[in-house]
Amino acid sequence: MNSLKRGGLWTPSMMGGLLLGLCLLILAVVAPVMLSTPASELTGQAGQDPSADHLLGTDNLGRDNLARALVATRLTLLMTAGATILAVVGGMVVGVGIWLSSPRVRKIALRFLETAVAYPSLIFALVIAAILRPGVVSSVVAIGIAGIPSFARLTANLAAKISTSEYVTTARLLGVRPSAIAARHILPNMAEPLLILATTVFALSLVELSALSFIGLGVQSPSYDFGLLLNESLTQIYTQPTSVVGPSVMIVLTGLAAMLLGDALAARANPRASRRAVRRPFTPAVAEIPDRDTALVRVENLRVSVPGGADLVRGVSLTIEPGEVVALVGESGSGKSLTSMSVAGLQAEELEVQADVLRVDDMNMLGQPDRSRLGREISVIYQDPGSTFNPSLRMGVQLTEVLRTHLGMGRRRARKLITEALAQVNISEPAHRLRQHPHKLSGGMRQRGMIATTLVTTPKLIVADEPTTALDVTVQHEVLRQFRRIHRTQGTAMLFVSHDLGVVEALCDRILVMKEGEIVEHLTPAQLKSHDVRHPYTKALMEAVPVVDVSPRVTAPQESL
Amino acid sequence: MSASIVHQESQPVAAPPTTGLRERPWLRFSLRRLGGLVLSFVLLVGVTFVIVPLIPGDPAIAAAGQEASGAQIEYIREELGLDQPLYGQFLDYVGGLFTLDLGTSFTSGEDVASVILARLPFTAELAVLAISLVLIISVPVGMLVAYLTHGGRRPWLDHLFNFVTSLVYSVPQYVMATLLVVVFAVGLGLFPAAGAENLSSLVLPTLALMLLPTCVVSRVVRRETAVVLDQDYIRTARGWRIGQVRLFGRYVLPNVITTTLTLSGLILAAQLGGAIVIETVFAWPGLGQGIVDAILSRDYPVIRGTILILGLMATVIIILVDVILAIIDPRTMEAEA
Amino acid sequence: MTAEAANQVPMDIDTTPPLETRGLYVSFGHTSVLRDVDITVPAHTVVGLVGESGSGKSTLGKTVVGINKPREGQVLVHGEDVFSVGKRRRATMRRQVQYIPQDPFSTLSPRRTVGQTLAEALDPRRAKPSDHEQAIARALEQVRLDANVVEKYPYQFSGGQRQRIAIARALILQPRLIIADEITSALDVSVQAEILKLLRSLESTIEASMLFISHNLAVVQTLCEYVAVMHQGVIVEQGKVDDVYRDPQHEYTRRLLASVPGSEGFSLD
């Protein structure tokens, strides 16, 4: 496995698929030449059982079953390839054509395709095959044409998706003609998904072509493909069941080759799927008895790393006193979010977390603290890019989750309390909001809703990871006010992660500046305000952040607006 | 035929009052679906009319028999309305649809509607049973595998699952059917190889029809679950420290089910095609067998009627799935508005 | 505060402004997104356009370059109405207005080299980098990128570098006007600072004016001479940045300014 790590191309699927495909190709070339006599010569040895001479027996005309199955490879592969090419090329032409046409035509054409795709393609192929008189060519044409709609739809959808990207917009603005846009931008970026789809089309065409022959409307004797062989063997299934084996195995192997190749290509295209499976050594909890210090949170020498890979957090230590608001600031990749999630005990499964001490209250976050206590004592508030709430559940279910699961409240009571809490954070019509789905609420409302739950659960610690980053300034202002209020009224300690120096300066008691997995400076808001910083990185960061300057300038002419 | 359309019409429109009509998206959504249904049906009527007579061979000869005299054939041609100009035949055909009259079979002289009605239950029985089993098995299996392998854990299970599903996936349904017959009917003699006499004769066709989609759907469920598990809202729910059972039942499942259902609708529609082949293997007296026989004997009205019914069923299934999805996740509906 | 009270941006007398909109209305379906928008971008000037999400500031930028069509009103590019001239003339005019989009990860075609991307801007028909080596080299130099990047593909660059390439693509045509739509919003502050530095240095070396669309009031102040504030599809206030920020006339501008952490009047209590 490890030896395959590099390249990513030579996965077992890819090698298996290629090897199998190559064998079938060789067979398709060689078998009809070498085995034509046993495969087609009529002999007196009809319907024989398997023997050394005839490994799979003979059919009712005395021909060797194995030889026939192998010889049929050529015709089957040729037909399948033909149908695939027809479907793929036809589909691409139609799909790109639809994309290039006017919006009105496009809309109608897509509706038409949708109807066509819904229709069982085999029935469609059946009728076409019947019209064209059964035979090799008509089967290929029928299955090929039947495959066009779905390929065309996918091509059109892909093209539509790519054409909304900004590089296509820009090209259009630059005056690049649609056909050139299709050739330079759309097709190259579709190539990979389409190639994967083509392998699927190949597998499907194989199945359907064989099906057509199998029910007698495809290849006609004396030609034969896998499907027809299977059809013939079905008639003698009671007298000679082994005749089924040859064509069955060949169909399966051919399909498998296409499948494996498709899988391998898809895995390559999708980095998520190719994420390497690494065995994570379980870190035993460090048996540190909670010391007698007053800190609510104590982190000593926290390390977060990709197993066998880079260290993302490198020895972070911090404390949070009860009721204290501590900020972690830094740019992307500084490790601030990883640190905060480790404190909350919510690190990603594929990461390794180690520390000398990592505790919240008297819970050892490296071990497995009581779930219910975690739920009650630590509240987590994330950035809201519109996806922090489950889109298919109403707000009420989600906002009352902690109350019902960990505080043992009934539905009615939990709702009542949350409704009141929502009103307190200035959400209008709170009862109605609970019945709505998350997408009906604005980002600011969702964040305030999240904060409102802490009014009821009264956690000891709130871990907030960039909670206002996705919000507009005026909305951010309102949300920050609510954080301040919670802090004032309930004395909740907070670990507040942000990249915005202005925000943390306004809200927090202490500010920790992070860079590349380490804390480089501890600051107070006053120091930040007066630019009293030591570390060059903090200095650079402060210089990089533009601030609104409204101080009167002597030179500025006093123009009235 | 028209009666069944009207019935479909009233369904989506009648549904909203339970949730209240104040939300206009419902109306829009229903109208669009209805429009889609009507459009599909019009397309189907047009296409079947044009395409079917293209099937080579003279139906009059087929109906009259090979030994019939010229006069007999002409008589039958007139009887079947085949001497009329094409538009006349089309008007007859469309007019017939409104009175549920699909014509009479060229070969048996029976009413096409009743021929189809006699066969429809067999196909429906098979398809519905198969798809139910597919969902019952593949949703839990797919979710379980996704859970167990999430974050790169248990790579062996990952490989095993991929291998098994790929293998079964590569076996076409008729090959599967044939193998099942060889093993269970011929070899072990446990179930009948053909016919539709009793419950036990349902076993092998159902198995043959469901194995492949089970693999497809469980792969999709597994992939979708993996995607959902990486979503922000799952992270949020983890932050609430709810138990795994509730996490999966309440937070993961609804989001996995949308894709699964969409796919299942398409698969169920495709099952109607798969059923043709399966029915041939097991001599199952459903629509599939019916259409193959009709094509071989050039029985236009039966071919047309069957294609129409199968197409209508496919469309209705897909629309039904859309409606169910809209109920589960209103965003799918509002996205259109 | 009425629309008339908002002063027009003063303009140089001897130069026609590269951009002027008059009574611009844009609607999507039944919702109007822009209402009666008058904005002027004078020659050799950077004008900031600030507002929150949904205010219509991006729509305005997109309408100017022709991605959206106005329902009513005029877009004058160097004095000529883009929507009333002939197709060919419009195409030429379009090339004088360049648009730089926000997302550094979708602004460049993944399968095209930097050279091909830049050549396509110069010559939409052939798009051959070898035809335009000098122009490409000059554009890359303007954005402080090495000349050897022409052979590279977008995935080999960071977000900031991609935005530089996007800027080079806009500059290479030597346009009269550049519409920069939130081009630093997706970047880390230190990268943003570098891009802002680059844009400031360009001000003195290039001819083009710029409409700089941003939600970040501070960024606009560091870069722009004039600013227009948008709210719900209407320009509520415009003028010199320092004047507007120091003495906002419109209620919304005041609220916006007071919401910026660290600004005067910002308070969480």
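These legends go with close-up views of a predicted model, taking the chain contacts, the domains and one residue in turn. Residues are numbered from 1 along each chain as its sequence is written, while chains are lettered from A and ligands numbered from 1 in the order in which they are written. Local features need pLDDT of at least 70, side-chain atom pairs count only at pLDDT 80 or more, and totals for chains, interfaces and linings use all residues, with side-chain values resting on heavy atoms and leaving out hydrogens and water.

**View 1. Which chains touch, and where do A and B meet?** Of the two pairs of chains that touch, A and B have the most contacts, a contact being heavy atoms within 4.5 Å. Chain A puts 69 residues into this one and chain B puts in 70 residues. Together they bury about 6500 Å², with 68% of that on carbon and sulfur atoms; buried area here is the accessible area (1.4 Å probe) that two parts lose on being put together, summed over both. Chains B and C, on the other hand, share no contact, and their closest C-alpha atoms lie 11 Å apart.

**View 2. Polar links between chains A and B.** How many salt bridges does the rule find across this interface? There is one, counting a side-chain nitrogen of Lys or Arg within 4 Å of a carboxyl oxygen of Asp or Glu. Look for it where the side chains of A:Glu401 and B:Arg246 meet, at 2.5 Å from N to O. The interface also holds 15 residue pairs in polar contact (both at pLDDT 80 or more). That term means a pair of N or O atoms within 3.5 Å; within protein, one must be able to donate a hydrogen and the other to accept it, and residues adjacent in sequence count only if both atoms are side-chain atoms. On the chain A side that touches chain B, helix H10 (residues 245-269) gives the most, with seven residues. Helices (H or I, at least four residues) and strands (E, at least two) are DSSP runs, numbered from the N terminus. This side of chain A splits into 42 nonpolar, 17 polar and 10 charged residues. Ala, Val, Leu, Ile, Met, Phe, Trp, Tyr, Cys and Pro count as nonpolar, Asp, Glu, Lys and Arg as charged, and the others, Gly among them, as polar.

**View 3. Chain C against chain A.** Here 61 residues of chain C meet 49 residues of chain A. The pair buries about 4700 Å², 56% of it on carbon and sulfur atoms. On the chain C side, C:Val189, C:Arg246 and C:Leu268 lose the most area to chain A, together 15% of what that side buries. The rule picks out three salt bridges across this interface, and one of them pairs the side chains of A:Arg484 and C:Asp269 at 3.4 Å, N to O. Polar contacts come to 21 residue pairs (both at pLDDT 80 or more). Elements of chain C giving two or more residues to this side include strand E6 (97-100), helix H3 (114-122) and helix H6 (189-205). By residue type, the chain C side has 25 nonpolar, 16 polar and 20 charged.

**View 4. The two domains of chain C.** An automatic or database domain assignment sets the bounds, giving chain C domain 1 (3-96 + 175-258) and domain 2 (111-172). Their C-alpha centres lie 26 Å apart. In the contact, 13 residues of domain 1 meet 14 residues of domain 2, burying about 1000 Å² between them. C:Glu194 and C:Arg164 join their side chains in a salt bridge (3.8 Å, N to O). From domain 1 of chain C, H6(C) gives the most to the side touching domain 2, with seven residues.

**View 5. A look at C:Val47.** This residue sits in strand E3 (residues 46-50) of chain C. Is C:Val47 buried or exposed? C:Val47 counts as buried because its relative accessibility is 1%, where buried means under 20% relative accessible area, exposed over 50% and partly exposed in between (1.4 Å probe, protein chains only). Leaving aside residues up to four places away in sequence, C:Val47 touches several residues, including C:Pro42, C:Met210, C:Phe212 and C:Tyr226.

**View 6. The two domains of chain B.** Chain B divides into domain 1 (59-101) and domain 2 (113-334), with C-alpha centres 40 Å apart. Five residues of domain 1 and six residues of domain 2 make the contact. The rule finds zero salt bridges between these domains of chain B.
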